[in-house]
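I opened the model to look up a few packing and pairing details. My notes follow in the order I took them.

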Amino acid sequence: MTAFKSDFLNVLQSRGFIHQVSEPEALDALAQKGPITGYIGFDCTAPSLHVGSLLPIMMLHWMQQTGHKPIALMGGGTTRVGDPSGKDESRKILTDSDIAENLAGIRTVFDKFLAFGDGKTDAIMVNNNDWLAPLNYIDFLRDVGKHFSVNRMLAFDSVKLRLERQHELSFLEFNYMILQAYDFVELHKRTGCVLQMGGSDQWGNIVNGIDLGRRMANAQLFALTSPLLTTSTGAKMGKTAAGAIWLNADKLSAYDYWQFWRNTEDDDVERFLKLFTVMPLDEVARLSKLQGQEINEAKKILATEATALVHGRDAAVAASETARRTFEEGAIAESLPTLTIPRAELDGGIGVLTLFVKAELVASNGEARRQIKGGGIRVNDAPVSDEKLSINASHLTPEGVIKLSLGRKKHVLLRPV
């Protein structure tokens with residue numbers, strides 16, 4: 001392990017954020033001298049980022065906390081092209097209004113992690129559409145395209161894998177790596193940015209930007225990538241059977257977000273405490289030594305601290321208390337996710353399979369049947385054994401709701417209106 005002298009690289013390394021660094025000694029020396037500017041790009045393909053984007057956001061957070069200037073680059077322009085990295089199929093082409101709407105939704109999460117402003121180390125948010133949209137195509141090809149070898153571009157994994165699998169790669173997507181490299185050079189010109197960070201799958205694209213900066217501006221630029229994040233079971237971080245773990249509260253409740261972290265595998269607790277909370281490392285070390293049932297306390301702390309960063313401390317504490325009441329007291333907590341349904345529909349009776357699909361506790365009737373056979377489905381805490389059970393007004397509790405549960409940790413309140 002490299003012994004870095006700058007707080008910036010030391011913190012990133014000690015918390016597990018570093019996979020590769022170009023010219024580590026030179027970057028370390030530069031970070032020691034004074035504030036450096038670095039960026040990470042986020043494409044606007046959905047109205048919220050998901051938990052897979054949390055690691056790069058945390059990298060920007062620690063960059064600012066250690067005295068440097070972070071840039072959150074919104075890919076308003078590159079989203080119109082689509083990053084082929086790690087994809088077998090072309091992304092759906094979004095309209096300009098779709099992209100603008102997505103960008104507005106994504107912006108909100110950054111305020112929770114970064115302090116924006118005009119100061120020397122204040123974060124800034126920029127949109128690459130500002131310089132990509134006005135480009136004259138012929139001039140761009142002449143001034144920028146001449147620095148790219150097609151032979152080398154074909155050797156990049158993002159391109160090679162698609163071609164090897166005989167999946168179509170559009171000429172539009174083939175341009176993505178050129179545009180990403182150009183972003184780096186443009187940010188260097190506009191802000192003095194010298195560092196691009198990203199996931200390990202972005203290494204080739206970032207190195208392209210370093211090379212282009214040297215050719216076009218005689219600039220020394222740097223790359224830093226984080227490890228590809230998977231759970232100890234090998235699953236991709238942030239993907240669950242129920243779908244993506246969104247960061248925006250209107251896409252996923254604070255309670256469900258808390259539960260996601262509470263369900264962390266034992267072997268991932270220490271790593272996730274380092275990456276996804278701002279807890280001191282000595283406290284992380286203490287919690288990571290817990291064994292057996294005690295490790296559940298560490299998971300609850302991870303869930304509360306991670307949720308506090310995204311949803312605020314009050315919402316995190318409320319989610320923790322909801323979980324405690326639901327699991328330890330068997331109570332119906334009002335802050336559980338709620339599904340409203342017309343009273344007339346409930347009076348007529350709804351099949352239990354249909355209801356659990358509607359509540360998004362299972363993906364299909366078939367999955368609901370399998371869960372019933374395994375004893376995984378409960379209504380008002382009572383196991384369901386009959387897949388033909390009809391849920392109606394007689395199942396309403398004194399609180400006027402019906403509690404639907406999948407296993408011990410996923411619950412939805414059905415409320416007639």
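Is the crossing of α13 and α15 left-handed or right-handed? I found the crossing of these two helices to be left-handed. I note that I am working from a predicted model.

**Entry: the helix pair.** I looked up the geometry behind that crossing. Helix α13 covers residues 269-276 and helix α15 covers residues 295-311. Their axes come within 10 Å and cross at roughly 20°. Angles under 35 degrees count as roughly parallel, so I logged α13 as roughly parallel to α15. I then listed the residues in contact. On the α13 side they are V269, F272, L273 and F276. On the α15 side I have I295, A298, K299, L302, A306 and L309.

**Entry: strand β2.** Next I turned to strand β2, residues 37-43. How many of its 7 residues are buried? I read 6, and I noted the strand as mostly covered.

**Entry: partners of β2.** Which way does strand β3 run relative to β2? The two run parallel, and 7 bridges join them; β3 spans residues 69-75. For a reference point I took I40, which stands opposite A72 in β3. I traced the connection as well: the chain leaves β2, passes through helix α3 (residues 54-65) and reaches β3. I recorded this β-α-β crossover as right-handed.

I also checked strand β5, residues 195-199, against β2. These strands run parallel too, with 2 bridges joining them. Here G38 stands opposite L195 in β5.

Note on methods: Residues are numbered from 1 along each chain as its sequence is written. This is a predicted model: local features need pLDDT of at least 70, side-chain atom pairs count only at pLDDT 80 or more; totals for chains, interfaces and linings use all residues. Side-chain values use heavy atoms; hydrogens and water are left out. Buried means under 20% relative accessible area, exposed over 50%, partly exposed in between (1.4 Å probe, protein chains only). Helices (H or I, at least four residues) and strands (E, at least two) are DSSP runs, numbered from the N terminus. Two strands pair if DSSP finds at least two bridges between them. A crossover is right-handed if, with the strands pointing away from the viewer, the path from the first strand over the helix to the second runs clockwise. Axes are lines fitted to C-alpha atoms, for helices over the stretch in contact, and angles run from 0 to 180 degrees between N-to-C directions. Angles under 35 degrees count as roughly parallel, over 145 as roughly antiparallel, 65 to 115 as roughly perpendicular and the rest as oblique. A crossing is left-handed if the near helix is turned anticlockwise from the far one by less than a right angle, and right-handed if clockwise. Contact means heavy atoms within 4.5 Å.
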